[in-house]
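The following exercises concern side-chain interactions in one protein model. Please work through each task before reading its solution.

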Amino acid sequence: MQRLKILILGGTTEASALARALAGDVRFEPTLSLAGRTKAPRMPPIPFRIGGFGGVDGLVQYLKGEHVDLLVDATHPFAAQMSRHAAEAARIADVPLLAVCRPAWRSVAGDRWTPVLDMAAAVVALGAAPRRVFLTIGQKELAPFREAPQHAYVIRSVDAPDAEALPPIAEVITARGPFAEADERRLLAGRKIEVIVTKNSGGSATEAKLAAARGLAIPVVMVERPARPEVETVTCAEDALEWLERTHRRIAPSRRGV
Ligand code: NAP
């Protein structure tokens with residue numbers, strides 16, 4: 001049987017789920033690509049590579065050099081640059097591309113969300129008066145909050161941010177989801193959090209803080225997603241697997257004997 005080589009751009013729950021689903025599947029030869037941001041990533045059950053490709057040109061070279069048949073962009077909804085590069089490189093290298101992007105969170109009755117376009121706007125939305133802020137935005141976009149040193153921040157990220165990236169009043173909590181609502185409530189109440197800043201990542205692993213905020217009537221500054229390239233997109237690993245199976249049925253027979 002002709003095996004199709006798949007490059008999965010990962011760093012997300014969906015990419016890991018797809019890697020698990022493909023492990024041992026004789027129809028495919030998948031490789032998971034990670035950016036290398038997380039110090040101790042969970043080891044995937046399929047071959048993997050770590051580190052950037054060197055822009056669009058580097059990714060085109062990789063796709064051609066490794067004879068990749070299918071590209072799956074399962075990066076995080078906020079990994080806008082990688083998604084742009086994937087769309088451009090797939091077009092140039094003429095490799096079919098599927099994006100996996102989980103739905104955004106939507107506010108429900110009782111939520112007190114302020115949507116903003118980026119981190120700079122999130123800082124403005126916090127206002128001038130000192131507040132106790134829970135920041136769950138990862139570790140790479142903390143710099144704008146140094147411009148608002150009047151607030152006391154509780155910062156949660158997978159790895160600890162560099163000390164010089166932190167605002168002056170900051171407590172760091174390193175933790176990796178999924179988080180439970182009861183624990184989130186305890187954390188928010190225990191730290192006397194007055195406002196949360198988060199990105200609209202979507203997904204269930206980090207959603208509990210929103211339910212906890214609703215229960216405690218804590219406002220949320222919600223950073224909206226960046227624009228994504230217009231490519232064929234599914235919302236979960238199961239649908240990505242279906243797409244891969246369909247594509248295998250369509251193109252593998254024509255490759256037999258190649
Ligand atoms: P980004 O800003 O869109 O990408 C910056 C550069 O990082 C890309 O141009 C590429 O370098 C490299 N890169 C990104 N994802 C890669 C991958 N899967 N494999 C190889 N290289 C990759 O990305 P980001 O927002 O920093 O995210 C980095 C990683 O963390 C991604 O895997 C993403 O899925 C994951 N992640 C991001 C967030 C978030 O909030 N942004 C949250 C959770 C997980 P070259 O140009 O050199 O190829």
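The exercises below treat aromatic pairs, the surroundings of a helix, and salt bridges.

This is a predicted model, in which local features need pLDDT of at least 70 and side-chain atom pairs count only at pLDDT 80 or more, while totals for chains, interfaces and linings use all residues. Residues are numbered from 1 along each chain as its sequence is written, and side-chain values use heavy atoms, with hydrogens and water left out.

**Exercise 1.** Classify the ring pair of F53 and Y62.

*Solution.* Step 1: rings of Phe, Tyr and Trp (its six-membered ring) pair if their centres lie within 6.5 Å; planes under 30 degrees apart are stacked, over 60 edge-to-face, and the rest tilted. Step 2: the centres of F53 and Y62 are 5.3 Å apart and the planes stand at 70 degrees, so this pair is edge-to-face. Step 3: F53 and Y62 are both buried, where buried means under 20% relative accessible area, exposed over 50%, and partly exposed in between (1.4 Å probe, protein chains only). Step 4: the charged end of R49 sits over the ring of Y62, 5.4 Å from its centre; the criterion is NZ of Lys or CZ of Arg within 6 Å of the ring centre and within 35 degrees of the ring normal.

**Exercise 2.** Determine which residues of helix α2 are buried and what covers them.

*Solution.* Step 1: helices (H or I, at least four residues) and strands (E, at least two) are DSSP runs, numbered from the N terminus. Step 2: in α2 (residues 55-65), the buried residues are V56, G58, L59, V60, Y62 and L63. Step 3: their cover, with contact taken as heavy atoms within 4.5 Å, includes β1 (4-9), β2, β3, β4 (70-73) and α3 (80-93). Step 4: just after α2, H67 adopts a positive phi of about 55 degrees.

**Exercise 3.** Locate the partners of the salt bridges E66–K5 and D73–R228, and state their exposure.

*Solution.* Step 1: a salt bridge requires a side-chain nitrogen of Lys or Arg within 4 Å of a carboxyl oxygen of Asp or Glu. Step 2: for E66 and K5, the closest N and O atoms are 3.9 Å apart. E66 lies in the loop between α2 and β4 and K5 in strand β1, 61 residues apart. Step 3: E66 is partly exposed at 36% relative accessibility, and K5 is partly exposed at 25%. Step 4: D73 and R228 meet at 4.0 Å, N to O. D73 belongs to strand β4 and R228 to the loop between β11 (220-223) and β12 (233-234), 155 residues apart. Step 5: D73 is buried at 3%, whereas R228 is partly exposed at 25%.
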